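Biologist: I would like a close look at one part of this model. Please take the pockets and walk me through their linings.

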Amino acid sequence: MKKRKILKYAGLAGLGVLGGMYAFSQLSGKATPEEQAWKYPADDLIDANYDNGYSSTYAITIDAPAYAVWRLFKQIGADKAGSYSSEFLERVFARLPFFNHYEIQEEFQQPDSMLPGDIAAFDFHGMSMEWADVVPGKYLVQWVDTKHPPAAPGSFAFRFPGMTHFAAAWCFYVVPLKGNRTRLINHWRIGYEPASTFQTALNWVNIELIGGCMTRLQNIYVKRTLEFQKKEQWTGRIMRGLLGGRFFNSGTPAGRWDGTPLFEDTYTQWMRYGRQSPAVAEIRPPVTDNPNWPPTGPDSPWAHEIDEDYFKGWKEPAFSWDEQIRQKMERTYLENWGKES
């Protein structure tokens, strides 16, 4: 009897969760009917190979200029600033290594920080989309198709069990509105084979129900961030409290900018800001060249086996993908790698 009650309550709880997911993903946050019916620039990527193209479109109005919205999405990815959705759900249930950081980072804002063909990383094992269209200030498109797998070694075009082929384009379009506002169109379009009833239902669950909740959360978090309403993640607050001297009142400032918005209202650290004036320079200049290393004298720990000529005529070689491929194929390194000829 007790077991039946537990199962009954578990079933009711499950129905409640599903009902909440349905309401959150289907009854709020959707694009307008006109926005949903619109033909978007990257829909052709799906329609070129599939006759059952299906779209899922969410939208939100943000009180920020279009470029501010676009440049935030330029940082999206497991290898960059995360997914901007629930990193808890991403990591616990989807097992994807997303760690969100909502600050604009210099390394992700360069002209070559994102180019067509770059991996739009979901994880580091290879489940990937590829950036297809990168239109500065206007829209970004990541795309995957098992008929045209990503070019990067180690990557693969994902599909769900039972599918022969699957394609998806995940697109972020910004529409500038009067009053320095932006309409963000968060748009999925997918195609799949075979177009069976089971696969149709599976894709609806993945794209509309689960994916819809994640997309809705993404839009909400992005809006909060761009309107300067995003709160620091609780994990960050705990770490600052434990290791930054807050909880135990050590009397030592937690950071150089302690007590100012550059610390208190900064979600994650600005990774390259310190290049302008490295903290080490307050003690001595940073070292970028040291002709006295490695030591080659008879009293060094490596005197009996050191290659004294290794760094003679050496400089850091330019990176080459062709050389990376050669190393992987031949499993060897270049002789005198970096030596000036």
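Which helices each supply at least two residues of the lining of the largest pocket?

Modeller: This is a predicted model. Three helices each supply at least two lining residues of the largest pocket: α5 (87-92), α7 (234-243) and α8 (261-264). Of these, α7 gives the most, with four residues. The volume of this largest pocket is about 940 Å³. Its lining counts 29 residues, and the closest to the centre are Arg240, Phe263, Thr268, Gln269 and Trp270. By class, the lining holds 11 nonpolar, 12 polar and six charged residues.

Now the second largest pocket. Its volume is about 800 Å³. Here 34 residues form the lining, and Glu90, Ala94, Leu96, Phe122 and Ile210 are the closest to the centre. Helices and strands both contribute: α5, β2 (119-121), β5 (165-177) and α6 (197-226) each supply at least two lining residues. The largest share comes from α6, with nine residues. The class split is 23 nonpolar, nine polar and two charged.

Set the two side by side. Helix α5 supplies at least two residues to the lining of the largest pocket, and α5 also supplies at least two to that of the second largest. The leading contributors are α7 for the largest pocket and α6 for the second largest. For chemistry, keep both splits at hand: six charged residues line the largest pocket, and two line the second largest.

Conventions:
Residues are numbered from 1 along each chain as its sequence is written. This is a predicted model: local features need pLDDT of at least 70, side-chain atom pairs count only at pLDDT 80 or more; totals for chains, interfaces and linings use all residues. Side-chain values use heavy atoms; hydrogens and water are left out. On a 1 Å grid over the protein atoms alone, a cavity is a set of points where a 1.4 Å probe fits but cannot get out, and a pocket is an open set with protein on both sides within 12 Å along at least five of seven lines; lining residues have an atom within 4 Å of a point. Grid points are joined across faces, edges and corners, and a volume is the space filled by probe spheres set on the points. Ala, Val, Leu, Ile, Met, Phe, Trp, Tyr, Cys and Pro count as nonpolar, Asp, Glu, Lys and Arg as charged, and the others, Gly among them, as polar.
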